[in-house]
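Here are my notes after going through your model. I've kept them as numbered points so you can follow along with the structure open.

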Amino acid sequence: MKKDMVIYPAIFSQDGDYTLVHIPDLQGGFTQGNDPLDAVTMAEDLIGNLLEDQSEYPQPSNPEDIKLEAGESLVYISVDLAAFRIKYSKTVRKNVTIPEYLNEIAKEQKINVSQVLTEALRTKLGV
């Protein structure tokens with residue numbers, strides 16, 4: 001499995017018109033959706049938001065250890081955290097120092113130095 005791909009069991013239950021979701025392996029792992037499909041989308045978003053700034057992730061529970069109540073079902077939710085970070089990450093301003101001649105060549109060739117730095121960091125970090 002890819003390093004930043006996670007799969008967690010989620011407990012789904014119905015509450016009137018809403019599908020409630022509890023992800024027992026994550027602190028604050030509660031959300032809901034308008035229907036089961038929306039609940040899956042909301043659970044993916046929840047996992048992404050809870051884990052986006054972490055490099056180590058909680059171990060998912062063994063499904064045999066999860067006790068379901070009447071009306072509950074177990075659903076597995078997978079999230080590619082690398083893709084989540086790319087899609088939803090905010091940018092930060094950094095002051096970097098590069099040789100003047102490289103800066104001049106980059107300007108002449110209309111190279112976006114911030115984009116090059118971002119790509120280099122992704123490659124270096126494997127994300």
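1. Let's start with the aromatics, bearing in mind that this is a predicted model. Searching the whole structure turns up 1 aromatic pair. The partners are Phe-84 and Tyr-88, with ring centres 4.8 Å apart and planes at 45 degrees to each other, which makes the pair tilted.

2. Where do Phe-84 and Tyr-88 lie? Both belong to helix 2, which covers residues 81-88, and they are 4 residues apart, or about one turn of the helix. Their surroundings are worth a look too. Phe-84 is buried, at a relative accessible area of 7%, whereas Tyr-88 has 46% and is partly exposed.

3. Next, the charges. How many salt bridges does the structure hold? There is 1. Arg-85 pairs with Asp-4, and their closest N and O atoms sit 3.3 Å apart. Arg-85 is in helix 2 and Asp-4 is in the segment before strand 1, so this salt bridge ties together parts of the chain that are 81 residues apart in sequence.

4. Are the two ends of that bridge buried or exposed? Arg-85 counts as buried because its relative accessibility is 19% and the cut-off for buried is under 20%. Asp-4 is buried as well, with a relative accessible area of 7%. The side chains of Asp-4 and Arg-85 are also listed as a polar contact, again at 3.3 Å.

5. Now for Asp-25, which I'd look at on screen. You'll find Asp-25 in the loop between strand 2 (18-22) and strand 3 (30-33). Asp-25 is buried but has no salt bridge. Which side chain of opposite charge is nearest to Asp-25? That would be Lys-67, 13 Å away.

6. What does Asp-25 have around it, then? Its side chain makes a polar contact of 2.3 Å with the side chain of Ser-61. Setting aside residues up to four places away in sequence, Asp-25 touches Tyr-8 and Pro-9, along with Pro-58, Gln-59, Pro-60 and Ser-61.

7. On to the nonpolar core. As a general point, nonpolar side chains in soluble globular proteins tend to be buried together. Here the largest nonpolar core has 16 residues, and those touching the most other members are Val-6, Tyr-8, Val-21, Ile-23, Ile-47, Leu-51 and Ile-77. Strand 1 (5-15), helix 1 (36-51) and strand 4 (73-80) are the elements that each give two or more residues to this core. Which element gives the most? Helix 1 does, with 5 residues.

8. Val-21 is a handy place to see what one of these core residues packs against. Leaving out neighbours within four places in sequence, Val-21 is in contact with Ala-10, Ile-11 and Phe-12. Its contacts also include the run Gly-29, Phe-30, Thr-31 and Gln-32, and then Ala-39 and Ala-43.

9. Last, a backbone point. Lys-110 has a phi near 55 degrees, which is a positive value in a residue other than glycine. Where is Lys-110? Lys-110 is in the loop between helix 3 (100-108) and helix 4 (113-125). Lys-110 is exposed, with a relative accessible area of 75%, whereas Asp-4 from the salt bridge is buried at 7%.

Definitions and conventions: Residues numbered from 1 in each chain as written. Predicted model: local features only at pLDDT ≥ 70, side-chain atom pairs only at ≥ 80, totals over all residues. Heavy atoms only, no water. Phe/Tyr/Trp six-rings, centres within 6.5 Å; stacked < 30°, edge-to-face > 60°. Buried < 20%, exposed > 50% of the residue type's maximum accessible area, 1.4 Å probe, protein only. Core = buried A, V, L, I, M, F, W, Y, C linked by side-chain atoms within 4.5 Å. Contact = heavy atoms within 4.5 Å. Lys, Arg positive; Asp, Glu negative; His and termini not counted. Salt bridge = Lys/Arg side-chain N within 4 Å of Asp/Glu carboxyl O. Polar contact = N/O pair within 3.5 Å; in protein donor to acceptor, adjacent residues only side chain to side chain.
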